[in-house]
Amino acid sequence: ALMTTERNVYLERALSLRKDIELFKVNPTAPSLESSDFHLYIYDGVMLPEQLPEDGHVIAFSPSSQEQIGLKVEGEIHPTGIAINPQSLYPELMQYVEPEGYQIASAVKMNVPEGFTVLLQDHSENPLLMVGEQEGRKMVLFSFSLHQSNLPLKADFPILIQNLLNWIVPPDMAFGGQIFAGDSLLL
């Protein structure tokens with residue numbers, strides 16, 4: 001995974017819980033990497049590139065408008081009454097997550113592009129977290145920066161990040177020894 005960020009210790013710690021993900025960090029002011037051998041690209045509070053990488057999935061915090069996926073960011077909101085969207089297509093991604101105590105100082109107001117579903121919303125039904133898939137690329141879009149919220153301080157923050165990671169990049173199926181007919185195998 002390649003994370004473009006100035007610094008986000010909370011996110012780094014949550015990502016490090018997955019032993020099969022090797023995290024590379026780059027400062028937004030550094031020259032871009034030529035390599036495109038990453039399965040996951042994380043944009044933490046930086047503008048999304050005009051052309052998204054074709055070889056990996058994307059997580060973005062407080063994203064900018066991105067024409068390629070149909071994302072339009074227009075202004076700022078101050079969310080209150082944060083709740084799980086009951087009509088989400090992926091309710092399992094919010095399993096064991098309780099957003100009632102989440103506080104977000106500010107977020108960007110964004111539309112819901114085609115192929116996306118809202119997971120978290122405020123009382124005005126502004127999307128705060130949405131996921132989607134376009135052209136085989138899975139994407140997670142947070143409308144806010146983690147630095148503008150208490151989300152990293154909540155006990156369910158690592159659970160939310162792991163749920164999203166398991167959807168984007170499923171863990172390697174690793175098992176020791178042989179499997180015989182009739183044995184159980186956890187997938």
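Select Ser62: at 24% relative accessibility it counts as partly exposed (between the limits for buried, under 20% relative accessible area, and exposed, over 50%, with a 1.4 Å probe and protein chains only). Ser62 has a positive phi of about 50° although it is not a glycine. It sits in the loop between β4 and β5 (73–77). Helices (H or I, at least four residues) and strands (E, at least two) are DSSP runs, numbered from the N terminus.

This is a predicted model, where local features need pLDDT of at least 70, side-chain atom pairs count only at pLDDT 80 or more, and totals for chains, interfaces and linings use all residues. Residues are numbered from 1 along each chain as its sequence is written, and side-chain values use heavy atoms, with hydrogens and water left out.

Go next to Glu135, in the loop between β9 and β10. Glu135 also is not a glycine, yet has a positive phi of about 50°. Glu135 is exposed, with a relative accessible area of 75%.

Now select α2 (157–168). Its end C-alpha atoms are 17 Å apart; the expected span is 16 Å for twelve residues, which agrees (1.5 Å times one less than the number of residues). Nine of the twelve residues are buried, so α2 is largely enclosed by the rest of the structure. Colour those nine: Phe157, Leu160, Ile161, Gln162, Asn163, Leu164, Leu165, Trp167 and Ile168. They pack against α1, β3, β4, β8, β9 and β10; contact means heavy atoms within 4.5 Å.

Next, the largest nonpolar core (buried Ala, Val, Leu, Ile, Met, Phe, Trp, Tyr and Cys residues joined through side-chain atoms within 4.5 Å). Of its 36 residues, Leu11, Ile59, Leu129, Val140, Phe142 and Leu164 touch the most other members. Elements that each supply at least two residues include α1 (9–16), β4 (57–61) and β10 (137–142). α2 gives the most, with seven residues.

Centre on Ile59. Leaving aside neighbours within four places in sequence, Ile59 is in contact with Leu40, Tyr41, Ile42, Tyr43, Val140, Phe142, Leu165 and Ile168. Another core, of 19 residues, lies apart from the largest one; Val26, Tyr43, Val46 and Val118 are among its members.

Last stop: the second largest pocket, with about 220 Å³ of space. Of its twelve lining residues, the closest to the centre are Ala1, Asp20, Ile21, Glu22 and His39. A pocket is an open set of points on a 1 Å grid over the protein atoms alone, where a 1.4 Å probe fits, with protein on both sides within 12 Å along at least five of seven lines; lining residues have an atom within 4 Å of a point. Volume is the space filled by probe spheres set on the points.
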